[in-house]
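Visitor: Could you walk me through this one and tell me what stands behind each label?
Guide: Gladly; here it is.
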Amino acid sequence: MDIIKELSDNQTILLLMPGIEYNKIVLETIKTLSDKRVCYVTLNKTYGALKELFKKNKIKTDNILFVDAITRSLKEAKDIPKECYFVSPTSISDAFAALHTIIQQEYDYLVFDSLTNLFSYKETEGVEDLIFVLLNKIRETKTKAVFYALNEQEKFIPRCCMYVEKTIVIEK
Amino acid sequence: MPKTIMIVDDEADIRETIKTILEREGYNTILAIDGDDCLKKLETVKPNLILLDIMMPGTPVRDIVKKIKGIKIVYCSAVRTSDAEREQLLSNGNIIDFIQKPFDINELIKKVKKMA
């Protein structure tokens, strides 16, 4: 898969992948995109964990702004690094409101990691609305967006396919 | 007397899965749907161990953990932290370990047996 080409043809992409391929795809994708300005939204790893993971895999993070919805769940976020926003871990609506503001800064790419974690919240019905609104906000910018999801979540993920321009299913 | 494990997770299937596994091993279980429910239940029960998810609606777990006194807590979550963050969390209060989701059943049982 040539993610740059896919994103040049489509503004919003959903990458559906098996769990076993997840870490590999995440690393390959960010490695490819990291030369440009990237807004990386994380719902399953802390900013610290991502920095550690990317460093270990020799991925530059100078151009990446991290939007971390995890760290504030675990600890007080003191000394917030300038390349990171710690958004509300317990209110999806607040996190998305912050995200709408952040994407106005016209990033080249937005990586959303991942819809699977988003759907693990209770407010499932509202989650779909939030995704729909976020995609509309993205369309108002020049930012290209890639959303990750595990292809094991049969109930919700097919509905999200309707909202993005292209869905790519990665096989094992 | 069987030991009691409190399972705190907002996902019902995860709660029920862990409950089934642990009850089969002879433990009593108490279920809580989030951190706030956990605190409410701790007013009347004192489990030997709490298995606590990290990403849940309601009060953030960092604030829940501060309010739990004298009970060992194991984070049981899909959330990944850096090594430094993990060390920091383990050195602070009653958090004694992490169980990474998706978990291996044998590893879960082994850890619970060791820590409860």
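Guide: Let us begin where β1(A) and β6(A) run parallel, joined by 6 bridges. This is a predicted model, in which local features need pLDDT of at least 70, side-chain atom pairs count only at pLDDT 80 or more, and totals for chains, interfaces and linings use all residues. Residues are numbered from 1 along each chain as its sequence is written, chains are lettered from A and ligands numbered from 1 in the order in which they are written, and side-chain values use heavy atoms, with hydrogens and water left out.

Visitor: What makes β1(A) and β6(A) a pair?
Guide: Two strands pair if DSSP finds at least two bridges between them. Here there are 6 bridges, so the definition is met. Met17(A), for example, has Leu150(A) of β6(A) as its bridge partner.

Visitor: How do you know that β5 of chain A is paired with β6 of chain A?
Guide: Strand β5 (residues 109-113) and strand β6 (residues 144-150) of chain A run parallel and are joined by 4 bridges. Along β6(A), Ala145(A) stands opposite Leu110(A), and Phe147(A) is the bridge partner of Phe112(A). Strands, by the way, are DSSP runs (E, at least two residues), and helices are runs of H or I with at least four, numbered from the N terminus.

Visitor: Why is β6(A) called largely enclosed?
Guide: Buried means under 20% relative accessible area (exposed is over 50%, partly exposed in between; 1.4 Å probe, protein chains only). In β6(A), 5 of the 7 residues are buried, so the rest of the structure largely encloses this strand.

Visitor: What is the strand order of the open sheet in chain A?
Guide: The 7 strands follow the order β4-β3-β2-β5-β6-β1-β7, with parallel pairing. At the edges stand β4 (84-86) and β7 (166-169) of chain A, each with a single partner strand, so one side of each has no neighbour in the sheet. Neighbouring strands are turned by 15° against each other on average, direction ignored.

Visitor: Which strands does helix α2 of chain A lie across?
Guide: Helix α2 (residues 22-33) lies across β1 (12-17), β2 (38-42), β3 (64-68), β5 and β6 of chain A. Contact means heavy atoms within 4.5 Å. The helix runs at about 170° to β6(A); axes are lines fitted to C-alpha atoms, for helices over the stretch in contact, and angles run from 0 to 180 degrees between N-to-C directions. Among its buried residues are Tyr22(A), Ile25(A) and Leu33(A).

Visitor: How do you know that the span of α2(A) agrees with its 12 residues?
Guide: The expected span is 1.5 Å times one less than the number of residues. That gives 16 Å for α2(A), and its end C-alpha atoms are 17 Å apart, which agrees.

Visitor: What about the sheet in chain B?
Guide: It is open too, with 5 strands in the order β2-β1-β3-β4-β5 and parallel pairing. Both β2 (28-32) and β5 (95-100) of chain B are edge strands with a single partner each, so one side of each is left without a neighbour. Strand β4 (residues 72-77) of chain B pairs with β5(B) over 5 bridges, and one of the partner pairs is Ile73(B) with Ile95(B).

Visitor: How do you know that the radius of gyration of chain B agrees with a compact globule?
Guide: The globule rule is 2.2 Å times the number of residues to the power 0.38, and the radius is taken over C-alpha atoms. For 116 residues this comes near 13 Å; chain B has 13 Å, so the two agree.
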